[in-house]
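Me: I should like to learn how to read the features of a protein model. May we go through one together, step by step?

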Amino acid sequence: MMRSLHIISLLFFFLWTASAVAQEFRQYVIDIDFPHGKHVSGICIIRMDGTERTMSVVNEFGIKAYDAIYSSVDGKVRLYNVIGFLNKRYIHRVITKDMAVLFSFGSKTLKGRTFLSGDDCSIVLNNIRLKIIYHLKPIEHAVE
């Protein structure tokens with residue numbers, strides 16, 4: 001009994017480490033420009049794991065704005081742990097559509113949104129209709 005328990009625990013350990021190796025993390029400094037000169041900045045961490053991508057956005061003070069999960073199977077984004085003032089249906093719709101373009105790294109385009117990727121792996125997503133611009137710069141290149 002004890003021997004089979006050890007074998008099962010070793011099996012779970014190897015499966016867990018194999019899945020951890022398959023994950024890729026990307027860290028960005030995120031700046032979001034809104035109309036009328038409003039601006040938000042923070043850190044964005046994206047974990048890519050097979051067909052699923054998970055994103056967490058934290059502002060400069062360490063307060064989590066939201067978590068987003070993108071499934072490339074259905075191409076949809078789901079938001080979790082959304083901070084209070086962003087937890088409105090209209091804002092959810094805007095964020096999920098913008099993040100769907102961002103997570104697909106430009107392969108999925110929506111009307112009224114432009115996606116630009118720089119040589120230094122920086123990303124700019126522009127929501128033309130609402131005049132919201134997302135700037136993502138890799139943390140390795142963010143220090144100047």
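The dialogue below takes up the sheet, its strands, two single residues and a pocket.

Me: What kind of model is this?

Reply: It is a predicted model.

Me: How many strands form the sheet, and in what order do they stand?

Reply: The general idea is that strands of a sheet pair through backbone hydrogen bonds, either parallel or antiparallel. Here 8 strands form an open sheet with antiparallel pairing, and the order is β5-β4-β3-β2-β1-β8-β7-β6. On average, neighbouring strands are turned by 20° against each other, direction ignored.

Me: Which strands stand at the edges?

Reply: The edges are held by β5 (76-80) and β6 (113-117). Each has a single partner strand, so one side of each is left without a neighbour in the sheet. The partner of β5 can be seen in the pairing of β4 and β5, which is antiparallel over 5 bridges. In this region S71 stands opposite K76 of β5.

Me: What packs on the sheet?

Reply: The helix α2 does, touching β2, β3, β4, β5, β6, β7 (123-127) and β8. The direction of α2 makes about 125° with that of β5.

Me: How should I follow the pairing from one strand to the next?

Reply: One may look for bridge partners. Strands β1 and β2 run antiparallel and are joined by 10 bridges; D33, for instance, has H39 in β2 as its bridge partner. These two strands form a hairpin with 5 residues between them, and H36 in the turn has a positive phi of about 65°. D33 also stands opposite I133 in β8. Strands β1 and β8 pair in the antiparallel sense over 6 bridges, and D31 has H135 of β8 as its bridge partner.

Me: Where does β8 have a hairpin, and with which strand?

Reply: The hairpin is formed by β7 and β8, with 4 residues between them. K131 in its turn has a positive phi of about 60°. The two strands pair in the antiparallel sense over 5 bridges, and the bridge partner of I123 in β8 is L136.

Me: Which side chains of β8 are buried, and which are not?

Reply: In a regular strand the side chains alternate between the two faces of the sheet. Along β8, I132, Y134, L136 and P138 point to one face and are buried. I133, H135 and K137 point to the other face and are not buried.

Me: Is T54 buried or exposed?

Reply: A residue is called buried when its relative accessible area is under 20%. T54, in strand β3, has a relative accessibility of 17% and therefore counts as buried. Leaving aside neighbours within four places in sequence, T54 is in contact with I45, I46, R47, A68, I69 and F103. By contrast, D49 in strand β2 has a relative accessible area of 29% and is partly exposed. The C-alpha atoms of D49 and E24 are separated by 6.7 Å, although these residues are 25 apart along the chain.

Me: What lines the largest pocket?

Reply: One asks which residues surround the space, and of what kind they are. The largest pocket holds about 560 Å³ of space. Its lining has 26 residues, of which I32, F34, V40, F85 and L86 lie nearest the centre. Elements giving two or more residues to this lining include β1 (24-33), β2 (39-49), α2 (89-103) and β8 (132-138). By kind, the lining residues are 20 nonpolar, 4 polar and 2 charged.

Conventions: Residues numbered from 1 in each chain as written. Predicted model: local features only at pLDDT ≥ 70, side-chain atom pairs only at ≥ 80, totals over all residues. Heavy atoms only, no water. 1 Å grid on protein atoms, 1.4 Å probe; cavity = no way out; pocket = protein on both sides within 12 Å on 5 of 7 lines; lining within 4 Å. Points joined across faces, edges and corners; volume = space filled by probe spheres on them. Nonpolar A, V, L, I, M, F, W, Y, C, P; charged D, E, K, R; others polar. Pairing = 2+ DSSP bridges. Axes fitted to C-alpha atoms, helices over the stretch in contact; angles between N-to-C directions. Contact = heavy atoms within 4.5 Å. Buried < 20%, exposed > 50% of the residue type's maximum accessible area, 1.4 Å probe, protein only.
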